[in-house]
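Grab a pencil and get the structure viewer ready. Here are some exercises to work through, each with a solution you can check yourself against.

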Amino acid sequence: MRVTVSRKAHFNAAHRLYRKDWSMEKNDAVFGKCNNPNFHGHNYELTVSVTGEIDQKTGYVIDTKILADLIKEHIENTFDHKNLNLDVPEFADLNPTAENIVVVIWQKLRKYIDANKDLEIILYETPRNFVTYNGN
Ligand code: NI
């Protein structure tokens, strides 16, 4: 029996969407208000889901305390109250769109999840806009 265990988390962060190699006009045309040079913030919400077999000894797929600690250490401590463009090395040359952020989060957590388990991340940038990545 494969069961999915999910943990919710959140972080607040600032970002700016733009390309250094495009003019201000082109960045404005493509990214609009998200290209504000003084940055803007979001309250990001995420759901981290791990799918796998139930361990017959513990009854767990993954201990939610372990999952919570992984998210705290590797995601919240890295992103919360940060400027994604300036403070997070992964976005030095990568536009911090929700799409790119969810892939970075997945890559950061994947190495700590057993290989025989699946990992999926849902990231809400606003209550209505969210993205999903599962490694495919
Ligand atoms: Ni934004």
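The exercises below walk through a predicted model, from its metal site to its sheet, its helices and its core.

**Exercise 1. The metal site**

Find the residues that coordinate the nickel ion, and work out which parts of the chain His-15 and His-42 tie together.

*Solution.*
Step 1: Click on the nickel ion and look at what coordinates it: His-15, His-40 and His-42, each through its NE2 atom, at 2.0 to 2.1 Å.
Step 2: Write the donors down in sequence order, and you get the spacing H-x24-H-x1-H.
Step 3: Now place two of them: His-15 sits in strand 1 (residues 2–15) and His-42 in strand 2 (residues 40–53), so this pair ties together parts that are 27 residues apart in sequence.
Step 4: Check the accessibility too. Buried means under 20% relative accessible area. His-15 has 0%, so it's buried, and His-42 has 16%, so it's buried as well.

**Exercise 2. Putting the sheet in order**

Work out the order of the five strands in the open sheet, and say which strands stand at the edges.

*Solution.*
Step 1: Start with strand 1 and strand 2, which pair in the antiparallel sense over 14 bridges. If you'd like one bridge to look at, try Lys-8, whose partner in strand 2 is Thr-47.
Step 2: Move on from strand 2 to strand 4 (residues 118–124): these run antiparallel, joined by seven bridges. Here Thr-51 has Asp-118 in strand 4 as its bridge partner.
Step 3: Go back to strand 1 and look at strand 3. Two bridges join them, and they run parallel. You'll spot Ala-14 opposite Asn-83 of strand 3.
Step 4: Put it together: the order is 3-1-2-4-5, and the pairing is mixed. Strand 3 (82–83) and strand 5 (130–133) each have a single partner strand, so they stand at the edges, with one side of each left without a neighbour in the sheet.

**Exercise 3. Helices across the sheet**

Find out which strands helix 2 and helix 4 lie across, then list the buried residues of helix 4.

*Solution.*
Step 1: Helix 2 (residues 64–79) lies across strand 1, strand 2 and strand 3, at about 20° to strand 1.
Step 2: Helix 4 (residues 98–110) lies across strand 1, strand 2, strand 4 and strand 5, and runs at about 145° to strand 4.
Step 3: Check the length of helix 4. Its 13 residues reach 18 Å from first C-alpha to last, close to the expected 18 Å.
Step 4: Pick out its buried residues: Ala-98, Ile-101, Val-102, Val-104, Ile-105, Trp-106, Lys-108 and Leu-109. What covers them includes strand 1, strand 2, helix 2, helix 3 (84–87), strand 4 and strand 5.
Step 5: Did the lysine in that list catch your eye? Lys-108 has 17% relative accessibility, so it counts as buried. Beyond its sequence neighbours within four places, Lys-108 is in contact with His-74, Ile-75, Thr-78, Phe-79 and Glu-90.

**Exercise 4. Inside the core**

How many residues does the largest nonpolar core have, and which element gives the most to it?

*Solution.*
Step 1: The largest nonpolar core has 31 residues, and those with the most contacts inside it are Phe-11, Phe-79 and Ile-105.
Step 2: Strand 1, strand 2, helix 2, helix 4, strand 4 and strand 5 each supply at least two of its residues.
Step 3: Helix 4 gives the most, with seven residues.
Step 4: Zoom in on Phe-11. Leaving out residues within four places in sequence, its contacts include Tyr-44, Leu-46, Ile-75, Phe-79, Ile-101, Ile-105 and Leu-123.
Step 5: Here's a rule to take along: in soluble globular proteins, nonpolar side chains tend to be buried together.

**Exercise 5. Two asparagines**

Decide whether Asn-12 and Asn-27 are buried, partly exposed or exposed.

*Solution.*
Step 1: Asn-12 is in strand 1. Its relative accessible area is 23%, so Asn-12 is partly exposed.
Step 2: Not counting residues up to four places away, Asn-12 touches His-42, Asn-43, Phe-79, Asp-80, His-81 and Lys-82.
Step 3: Asn-27 lies in helix 1 (residues 24–31). At 2% relative accessibility, Asn-27 counts as buried.
Step 4: With neighbours within four places left aside, Asn-27 is in contact with Tyr-18, Arg-19, Trp-22, Gly-32 and Asn-35.

Technical notes:
Residues are numbered from 1 along each chain as its sequence is written. This is a predicted model: local features need pLDDT of at least 70, side-chain atom pairs count only at pLDDT 80 or more; totals for chains, interfaces and linings use all residues. Side-chain values use heavy atoms; hydrogens and water are left out. Donors are N, O and S atoms within 2.8 Å of the metal (3.2 Å for Na, K and Ca); water is not among the atoms, so sites may look incomplete. Helices (H or I, at least four residues) and strands (E, at least two) are DSSP runs, numbered from the N terminus. Buried means under 20% relative accessible area, exposed over 50%, partly exposed in between (1.4 Å probe, protein chains only). Two strands pair if DSSP finds at least two bridges between them. Contact means heavy atoms within 4.5 Å. Axes are lines fitted to C-alpha atoms, for helices over the stretch in contact, and angles run from 0 to 180 degrees between N-to-C directions. The expected span of a helix is 1.5 Å times one less than its number of residues. A nonpolar core is a set of buried Ala, Val, Leu, Ile, Met, Phe, Trp, Tyr and Cys residues joined through side-chain atoms within 4.5 Å.
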